[in-house]
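Thank you all for coming. I would like to take a few minutes to go through one model with you, beginning with how a chain is divided and ending with how two chains meet.

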Amino acid sequence: MNELPAVLVSGVVSGATYALLGLGIVIIFRSTDVVNFAIGDFGTFGVYVAFALLTRGLPLLIAAIAAVGVAGLLGVATERAVVRPLGPGKTFAALVLTLALSLILVSLAGQLFGHQPEPFPALVPGHVAILGLVVAWQKIATAALAVVAMAVIAFFMRFTRLGVAMRAAAEDHYAARVVGINRGLVAAIAWFIGCALAGLAALLLAPDATLTVTLMVAPLFRAFAGVFLGGLESMIGAAVGGFAIGVLDDLAGRYVSASFRDTFVFAIIVLVLFLRPAGLLAAQHRQRV
Amino acid sequence: MRRTLLSAAAVALLFVTACGGQSPAQSSGDTSPIQLGAWMPLTGSIAVHGLAQRAGGAAYFKFLNDHGGVHGRKVVWNVEDNAYDPQKTVAAAHKLIDQENSIAIVGANGTANTAAAFSYVLDQAQVPIIDTYGGDSTWYSPPKPLLFGIQTLYEDQMRVLAKWALKDSYKNIAIVHSDPAAFANIAKAGSDQIKSTSPSTNVMDVAVKFNTTDYAPVVLQVRNLHPDAVIMILSTAEVVAYLKQAAQQGLKTGIYTYAPNSSADVIRLAGADADGLKSEAFTLPPDDTSAAGVKDFVNAMQKYEAGTPADYESEMTWALCKVAVAAISKISGKIDKESIVKALQSMSNYDSGVMPPITFSASQHLGASKIQRVQLTGGKWTLVGSYVGADSNL
């Protein structure tokens, strides 16, 4: 067990990607009632755009900003062209549409950029030893960004006029409209922020995992696990859930079995959801019937 | 006299027109293209292998068709994307055989995926599967009537790796492998080889979930076992992930892997972290064009598939397809499923120019058993010794 601190550190830094993605999923869900299964692929597409810019000689920072921007704009375009025409309340139809969009984006990215894995440079180079584990600064930056993003978005949603409007729109579309909230604008902002976070997550993951069209498939799977663990309606819960999944995953891989790490992680999630169906950090809703 | 000469010339001309310079198959008058098929992962996480392999096969058939085809007939090689999915492979097999009339599956990719298609292709449609990129010892012992292969078995590759690590005097060897049975069986062959050759050597088994991207916990686990050598039976993407993470954690061991990972992608993606990696190759190195067969391959890749590097994987598929066409070229008469099988069974010591000679018979459907050892040094694969088999003394 002398490697426990190193395994925990590894889990936290891995979980940061899931936390960022989970945060994006929850922002979109809370504002528009849509579970976006294409969110990871928006991020991947953004990184491919950044890669194309890098190969044309643009600086890494510009390419990185472009990656996040492209992912966000893809989200806005999807909300406007695909989700909004469905109308409010079409949760299941929207979910299926985002699944379809995910497959289309993977195929499109393959056609446009090729299926060959590509090396992607780290935004933050170098390594540091923490509790017996050598960690890339890039991964520490990811973890820090996830925490900062969580705090900023929690502040934004709770204390800003727009954030309150987004929460109100999610709670009751019609009532929000009556009090003058522009639901279209709120939805566009939520999709932009959510997908931009996915772009950031993909950007930070790509140097470690190499850039492929399926870059975000496995992280998205774990991000959703984190979201369900923390609570689909809780932003802090989604982020904490992402970190928890990273830690559980690495603990299972190291101390249980590397080939059963998913089984172990999801067995715990099933157990948690059995005890708290809304997730660990979500508010418990009770109705008298 | 003059009339006699003219008559003789006319008879000779008729004879030449009818038969001379043509193969028996061509004389049957069929000039339609010969349809062959293959399935490969052209999308998804294993696409890196499928794309390189498709390019090698495509370059070969373009080269062949530009040189007149076989028996004067062009060859169409239809490749379907199976995304490394057994169900999609069966669907691809149906399309290749039912819609595209493929008379043989040539140079397809994947052990488990190809096995998933056996029932339909070999039993139901009775179409031969020739020279799969992959394979298992159970495929050829006992031989299946319509199944032929020229790729040295992964188990035999593993035995060579085990002997190589022992020859390098390592005493604590960890075998890191993906968890599906296809990988686990290969790892077990290596473990058995080490235990039988050197009972005092400590062998450790580390199973990893297939398609793992985060190798930090795996490397921590390996580090805790204190091996002096690691043999990796993983996909290329995972080998790269392991090498990068091991370098980051400062884990220094001898490192070995098997032939599917001898590729330019390992160099491109892992960079200096892959330096020193010992591996195996089915073919002669593609960056040494002193052999005429390799030169043909490299020139064809540059001419027909310029976007893909002339790599070990593309070279292997070039060889797989070349062996199949060599069998077809021996057919006299109708080219169909039955005649292809007969031609393959009569193939003896065929030299493709890029790999060891191939021999099949009615009872031997695996045509090759040797492998070339290579090592990555300074960003380049270099030869280690000559071709060796699992029963060779290194």
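Before I describe the parts, I should say that when I speak of domains I am using bounds that come from an automatic or database domain assignment. Please also keep in mind that what you have in front of you is a predicted model.

With that understood, chain B is divided into domain 1, which takes in 29-152 and 289-363, and domain 2, which takes in 155-281 and 373-389. The centres of domain 1 of chain B and domain 2 of chain B, taken over C-alpha atoms, are separated by 28 Å.

Where the two domains of chain B touch, 14 residues of domain 1 are in contact with 16 residues of domain 2. On the domain 1 side of that contact, at least two residues are supplied by each of α3, α5 (111-124) and α13 (312-329) of chain B, and it is α3(B) that gives the most, with three residues. By class, this side of domain 1 of chain B is made up of seven nonpolar, five polar and two charged residues.

Let me turn to the sheet. In chain B, five strands form an open sheet with parallel pairing, and their order is β2-β1-β3-β4-β5. At the edges, each pairing on one side only, are β2 (75-81) and β5 (147-148) of chain B. Further in, β1 (residues 34-40) of chain B is joined to β3 (residues 104-106) of chain B by two bridges, and there Gly37(B) stands opposite Ile105(B) of β3(B).

Two of the helices I named at the domain contact also meet this sheet. α3(B) packs on the sheet, where it touches β1 and β2 of chain B, and its direction makes about 165° with that of β2(B). α13(B), for its part, lies across β1, β2, β3 and β4 (129-130) of chain B, and runs at about 145° to β3(B).

Finally, which elements of chain B give two or more residues to the side that touches chain A? Taking the contact as a whole, 29 residues of chain B are in contact with 25 residues of chain A. The elements in question are α3 (47-66), β7 (202-208), α9 (216-225), α10 (236-249) and α11 (264-270) of chain B, and α9(B) gives the most to this side, with six residues. By class, the side of chain B that touches chain A has 14 nonpolar residues, 10 polar ones and five charged ones.

So α3(B) is a helix that we have now met at the domain contact, on the sheet and on the side that touches chain A.

Key. Residues numbered from 1 in each chain as written. Chains lettered and ligands numbered in written order. Predicted model: local features only at pLDDT ≥ 70, side-chain atom pairs only at ≥ 80, totals over all residues. Contact = placed C-beta atoms within 7 Å. Helix = DSSP H or I, 4+ residues; strand = E, 2+ residues; numbered from the N terminus. Nonpolar A, V, L, I, M, F, W, Y, C, P; charged D, E, K, R; others polar. Pairing = 2+ DSSP bridges. Axes fitted to C-alpha atoms, helices over the stretch in contact; angles between N-to-C directions.
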